[in-house]
Amino acid sequence: MKILLAVDGSRYSEVAMGLLKALKIGKKAEATILTVIPEHVFLGGRTLVELLGRSTALKAQVRKAEAEKASELLVKLSKSLAARGFKVETMVRRGSPADEIIKTCRSIRADLVLVGFKGTSDTPEFLFGSVAHKVIKYAPCSVLVAKRGSKAIGRVLVPLDGSKHSHEAVQFLLRMPLPRDAEVLLLTVVQAFAAAFVQAYTLNLERDRHIIAELQKAEEEAAERLMTEAESQFRRGGYKVSAIVARGDPSKEILREAARQNVDLIALGAKGLTGVRGFLLGSVAQRIARYARSSVLIVRPLKG
């Protein structure tokens, strides 16, 4: 597995580093640690270095200081990961952090990119960091957004909906793999049919009650089959597994169950059954990444 760890020296990049260690996948992973020296472009297309003046020596001094600071950060982190069995490379880039992270994902053909929920450039008032938001939306690979520090991955919530992305989330976790002592909580959310059909002008709740009952029964049976299949795969992998069936809005139920179970990680597909073709990220995945208290793994199917 090829992993890209994007860091900027912020508290959340430290959380991302700790999360990578907690996954305990060092001996099977190649890690590239990337830090991007941001070059903010002001009105008129001028960068900070250009605004410092025409002095070549001053510009060189600023760039040297930035490079040294970036190098110190990477050396410290690479030693820490190498001690855990990772094969480590480091990279320094200049430009827009999100753009450089996405480009590097493509160039090294990363399977997974780790980013902190917020970075050094994000203001405290913003709920979601701008870099993390752009990376989860446009990265060509799976994305792990680090939100909460954890020395171990104890509980992982895996929402399932029967889509290919949901299936890929299960396979990704099995390939990664999770720590063997992790507990996997499978969750499927079935629709609240009565509430849905009240809003459907083509059907009448009273007149078509038998249709609603049949559809509800069919979906519950499908949920059971889905859970049974995923449960058996995780059990064969040696994990402790439990299954939860909820009813209602998928985003709300996933967030509610994640908080109730105090999970360390939510792992879900980038899109679900209702995802619109052409959209890079489903609405459920976006909401979970934004509002979950725990770290979030958004899985995209492997290409080729």
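These exercises work through the aromatic pairs of a predicted model.

**Exercise 1. Set the scene: how many helices and strands does the protein have, and what share of its residues is buried?**

Step 1. The protein has 10 helices and 10 strands.
Step 2. Of its 304 residues, 44% count as buried.
Step 3. The protein exposes about 16,300 Å², and carbon and sulfur atoms supply 53% of that area.

**Exercise 2. Classify the ring pair Y12 and F117.**

Step 1. A search of the whole structure finds 2 aromatic pairs. Y12 and F117 form one of them, at 5.9 Å centre to centre. The cut-off for a pair is 6.5 Å.
Step 2. The planes of Y12 and F117 are 70° apart. Angles over 60 degrees count as edge-to-face, so this pair is edge-to-face.
Step 3. Now place the rings in the chain. Y12 is in helix α1 (residues 11-23). F117 is in the loop between β4 (112-116) and α5 (130-138). The two residues are 105 residues apart, and the pair links distant parts of the chain.

**Exercise 3. Are Y12 and F117 buried or exposed, and which residue lies over the face of Y12?**

Step 1. Y12 and F117 are both buried.
Step 2. R11 lies over the face of Y12, at 4.5 Å from the ring centre.

**Exercise 4. Classify the ring pair F234 and Y239, then give its burial.**

Step 1. The ring centres of F234 and Y239 are 6.0 Å apart.
Step 2. Their planes make an angle of 75°. The pair is edge-to-face.
Step 3. Both F234 and Y239 are buried.

**Exercise 5. What share of the contacts with a separation of 6 or more comes from residues 24 or more positions apart?**

Solution. Such residues account for 80% of these contacts.

Technical notes:
Residues are numbered from 1 along each chain as its sequence is written. This is a predicted model: local features need pLDDT of at least 70, side-chain atom pairs count only at pLDDT 80 or more; totals for chains, interfaces and linings use all residues. Side-chain values use heavy atoms; hydrogens and water are left out. Rings of Phe, Tyr and Trp (its six-membered ring) pair if their centres lie within 6.5 Å; planes under 30 degrees apart count as stacked, over 60 as edge-to-face and the rest as tilted. Helices (H or I, at least four residues) and strands (E, at least two) are DSSP runs, numbered from the N terminus. Buried means under 20% relative accessible area, exposed over 50%, partly exposed in between (1.4 Å probe, protein chains only). A charge sits over a ring if NZ of Lys or CZ of Arg is within 6 Å of the ring centre and within 35 degrees of the ring normal. Contact means heavy atoms within 4.5 Å. Accessible areas come from the Shrake-Rupley method with a 1.4 Å probe; for residues, only the protein chains shown count as cover.
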